[in-house]
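Biologist: I should like to go through this model one question at a time. Please give the reasoning first and the result last.

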Amino acid sequence: MSVKCVICAEGHDSRTCPQKNAENPTKKCANCGGPHTASYRGCPNYPKIHNNSVKKGYSYAAAARSTNTQRIPQQTKQHTTPTTNTLNEPPQALNMMNDEFTDVFRLLNHLKSITQAIPNLKNLLNKLDNEANVENKFFLIAEAFSQSTLTTSK
C-alpha cells in the first residue's frame with residue numbers, strides 16, 4: 001500500500017505536505033479526487049461502517065475492511081463497593097472548600113467596608129502596588145484609614 005497525503009493526494013505523508021502551512025492550500029481528496037481533504041466525512045467515497053458490519057471487539061479500521069482480523073483487547077471492569085456518601089451528602093472536601101469560600105467572602109465584605117472609609121482609594125492602591133513588604137502594606141492601609149477618620153472628624 002502506498003502512502004497518500006490526506007491534504008493533496010500526492011505520494012507523501014501528510015505531516016510533510018508543502019500545502020499544509022499554505023494560506024490557501026490546494027486540497028485534493030485521495031478517495032474521490034474532489035476539492036476537499038480525504039478526511040472530509042461528506043466525501044462520497046469516505047469509508048463508512050454500517051451498524052451491521054461492526055462487530056464488538058474489533059477496531060474501526062478492521063470493521064471498515066472486509067476481513068476483520070484485529071481484535072481490540074477488552075478491559076475487565078473493576079467493581080467497587082459503594083461509598084457511604086449519598087447524593088444528599090456532599091463529600092467532606094467539598095464542605096471544607098465551601099467553608100473556605102465563605103471565609104474569603106466574609107473577609108471581602110469587611111475589606112469593602114474598610115475601603116469605603118478611605119477617601120483616596122486609587123492613591124492608596126498605587127502605593128500598595130509599589131510596596132513589596134506586607135507589613136508596610138498594612139501600615140499604608142492603616143495610615144490611609146487614620147487620615148480618613150481625621151478628615152471626617154474635623
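Biologist: Is arginine 15 buried or exposed?
Modeller: This is a predicted model, in which local features need pLDDT (the predictor's confidence in each residue, from 0 to 100) of at least 70, side-chain atom pairs count only at pLDDT 80 or more, and totals for chains, interfaces and linings use all residues. Residues are numbered from 1 along each chain as its sequence is written, and side-chain values use heavy atoms, without hydrogens and water. Buried means under 20% relative accessible area, exposed over 50%, and partly exposed in between, with a 1.4 Å probe and protein chains only. Arginine 15 has a relative accessibility of 68%, so this residue counts as exposed.

Biologist: With which residue does arginine 15 form a salt bridge?
Modeller: A salt bridge is a side-chain nitrogen of Lys or Arg within 4 Å of a carboxyl oxygen of Asp or Glu. For arginine 15, the closest N and O atoms of the pair are 2.8 Å apart. The partner is partly exposed, because its relative accessible area is 29%. That partner is aspartate 13.

Biologist: Which residue forms a salt bridge with arginine 106?
Modeller: By this rule the count comes to two salt bridges. In the one with arginine 106, the closest N and O atoms are 3.6 Å apart. Both residues lie in helix 2, three residues apart, about one turn of the helix. The partner of arginine 106 is aspartate 103.

Biologist: What pattern does the protein follow along the sequence?
Modeller: Helices (H or I, at least four residues) and strands (E, at least two) are DSSP runs, numbered from the N terminus. The protein has four helices and zero strands. Read along the sequence, the pattern is therefore α-α-α-α.

Biologist: Which helix gives the most to the nonpolar patch?
Modeller: Patches are made of residues with over 30% relative accessible area and no salt bridge, like charges being joined within 9 Å and nonpolar side chains (Val, Leu, Ile, Met, Phe, Trp, Tyr) within 5 Å. The patch on the surface includes Leu94, Met97, Phe101 and Phe145, and its residues have about 890 Å² of accessible area together, by the Shrake-Rupley method with a 1.4 Å probe, where for residues only the protein chains shown count as cover. Methionine 97 is partly exposed, because its relative accessible area is 41%. Nine residues of the patch come from one element, helix 2.

Biologist: Which residues is serine 14 in contact with, leaving aside its neighbours within four places in sequence?
Modeller: Serine 14 lies in the segment before helix 1 and is buried, because its relative accessible area is 19%. A polar atom of its side chain lies 2.8 Å from the backbone nitrogen of valine 6. Contact means heavy atoms within 4.5 Å. With those neighbours left aside, the residues in contact with serine 14 are Cys5, Val6, Ile7 and Lys20.

Biologist: What is the value of phi of alanine 9?
Modeller: Most residues other than glycine have a negative phi. Alanine 9 is found in the segment before helix 1 and is buried, because its relative accessible area is 15%. Its phi is positive, near 65°.

Biologist: Which element has the highest mean pLDDT?
Modeller: The mean pLDDT of the protein is 77, and 69% of its residues reach 70 or more. Over residues 67-72 the pLDDT is below 50. Where pLDDT is low, the predicted coordinates should not be read in detail. Among the elements, helix 1 has the lowest mean pLDDT, 69, while the highest, 90, belongs to helix 3.

Methods. A polar contact is a pair of N or O atoms within 3.5 Å; within protein, one must be able to donate a hydrogen and the other to accept it, and residues adjacent in sequence count only if both atoms are side-chain atoms.
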